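The exercises that follow ask you to read one model step by step, from the whole chain down to single side chains. Please keep the sequence and the structure in view while you work through them.

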Amino acid sequence: MPRKFFRKFLPSHESIRENRHVARFGTLLLHPNLWHLNRRSVSGGVAAGMFAGLVPGSNPVQFAVAALLAVAFRVNLPVAVVVTLYTNPFTIVPLYVLAYEIGALIVAGNGAALSHAPGIDWSHLGASIQAYFDWVLTLGKPLAVGLLALAVGLAVVGYVFVQLAWRAYVMLAWRRRKARRAGGTSG
């Protein structure tokens, strides 16, 4: 992978060790894989970020979960945190709808259908609000199961994709070097 490009943005080992905020965590954040760019570390960081991106909550919650997963599994921490940004105001609704549909399949449809949200009757607003909240609560189990299944699925797909892409990139680079050497020596 283009390590030189990423090294511009990642901190050096010395700056990490000397940072006063990192020093508070002792040796917890000094493991080399948290900051190195290698196939295992980056693909694990992508998997951690993909999983953490579907944790309910705002970006700081997802960032914290991604960082905790990166430290626990000793994968690239910056990659894990940045990858969580695939969930944003434009993608979160389709992802949650997909998660609900997956959860409804797994739970065998015990929840309410997404298309059958109760309407609001303004003459009986209290009853309408109560009916709406009851409908939202029926979405809970399929949504929770679906979020977990989708998060695990996206993490696995992200991990495998980076592993294969990294290997393909290395293979192509090796072939280019081999072709240059073969072309340069025969002329």
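## Exercise 1: The overall fold and its confidence

The chain has 9 helices and 0 strands. Describe the composition of this predicted model along its sequence, and state how far its confidence values support a detailed reading.

Solution. Read from one end of the sequence to the other, the chain follows the pattern α-α-α-α-α-α-α-α-α. The mean pLDDT of the chain is 82, and 75% of its residues reach 70 or more. Among the elements, helix H1 (residues 3-7) has the lowest mean pLDDT, 63, whereas helix H4 (residues 39-52) has the highest, 95. Where pLDDT is low, the predicted coordinates should not be read in detail.

Two further totals complete the overview. Of the 187 residues, 30% count as buried, and the accessible surface comes to about 12100 Å², of which 69% belongs to carbon and sulfur atoms. Among contacts between residues at least 6 apart in sequence, 69% join residues at least 24 apart.

## Exercise 2: The largest nonpolar core

Identify the residues that touch the most other members of the largest nonpolar core, and then the elements that give two or more residues to this core.

Solution. The largest nonpolar core holds 15 residues, and Val 42, Val 46 and Leu 54 touch the most other members. The elements that give two or more residues to this core are H4, helix H6 (77-83), helix H7 (92-107) and helix H9 (140-185). The largest share, 5 residues, comes from H9. Apart from this core lies another one, of 12 residues, which includes Ala 48, Ala 66, Ala 70 and Val 81.

Val 46 can then be examined by its contacts: leaving aside neighbours within four places in sequence, Val 46 is in contact with Val 79, Val 83, Gly 158 and Val 162.

## Exercise 3: Helix H4 and its serine

Decide whether H4 is largely enclosed or largely open to its surroundings, and then work out what the side chain of Ser 43 contacts.

Solution. Begin with the geometry: H4 has 14 residues and reaches 20 Å from its first C-alpha to its last, close to the 20 Å expected at 1.5 Å a residue. Next, consider burial: because 11 of the 14 residues of H4 are buried, this helix is largely enclosed by the rest of the structure. The buried residues include Ser 41, Gly 44, Gly 45 and Met 50.

Ser 43 also lies in helix H4, and its relative accessible area is 0%, so it counts as buried. The side chain of Ser 43 makes a polar contact with the side chain of Gln 163, at 2.8 Å. Beyond four places in sequence, Ser 43 is in contact with Tyr 159, Val 162 and Gln 163.

## Exercise 4: A buried glutamine in helix H5

Determine which backbone oxygens the side chain of Gln 62 reaches, and whether Gln 62 is buried or exposed.

Solution. Gln 62 is found in helix H5. With a relative accessible area of 2%, which is under the 20% limit, Gln 62 is buried. Its side chain reaches the backbone oxygen of Gly 53 at 2.8 Å and the backbone oxygen of Val 55 at 3.1 Å. Not counting residues up to four places away in sequence, Gln 62 touches Ala 52, Gly 53, Val 55, Gly 57, Thr 84 and Thr 87.

## Exercise 5: From the loop into helix H6

Compare the accessibility of Arg 74 with that of Leu 77, and report the backbone phi of Arg 74.

Solution. Arg 74 is found in the loop between helix H5 (59-73) and H6, and its phi is near 55 degrees, a positive value in a residue other than glycine. Its relative accessible area is 45%, so Arg 74 is partly exposed. Leu 77, by contrast, is placed in helix H6 and counts as buried at 13% relative accessibility.

Leu 77 touches Leu 29, Leu 34, Trp 35, Ala 67, Ala 70 and Val 71, not counting residues up to four places away in sequence. The C-alpha atoms of Leu 77 and Phe 63, which are 14 residues apart along the chain, are separated by 9.8 Å.

Technical notes. Residues are numbered from 1 along each chain as its sequence is written. This is a predicted model: local features need pLDDT of at least 70, side-chain atom pairs count only at pLDDT 80 or more; totals for chains, interfaces and linings use all residues. Side-chain values use heavy atoms; hydrogens and water are left out. pLDDT is the predictor's confidence in each residue, from 0 to 100. Helices (H or I, at least four residues) and strands (E, at least two) are DSSP runs, numbered from the N terminus. Buried means under 20% relative accessible area, exposed over 50%, partly exposed in between (1.4 Å probe, protein chains only). Contact means heavy atoms within 4.5 Å. Accessible areas come from the Shrake-Rupley method with a 1.4 Å probe; for residues, only the protein chains shown count as cover. A nonpolar core is a set of buried Ala, Val, Leu, Ile, Met, Phe, Trp, Tyr and Cys residues joined through side-chain atoms within 4.5 Å. A polar contact is a pair of N or O atoms within 3.5 Å; within protein, one must be able to donate a hydrogen and the other to accept it, and residues adjacent in sequence count only if both atoms are side-chain atoms. The expected span of a helix is 1.5 Å times one less than its number of residues.
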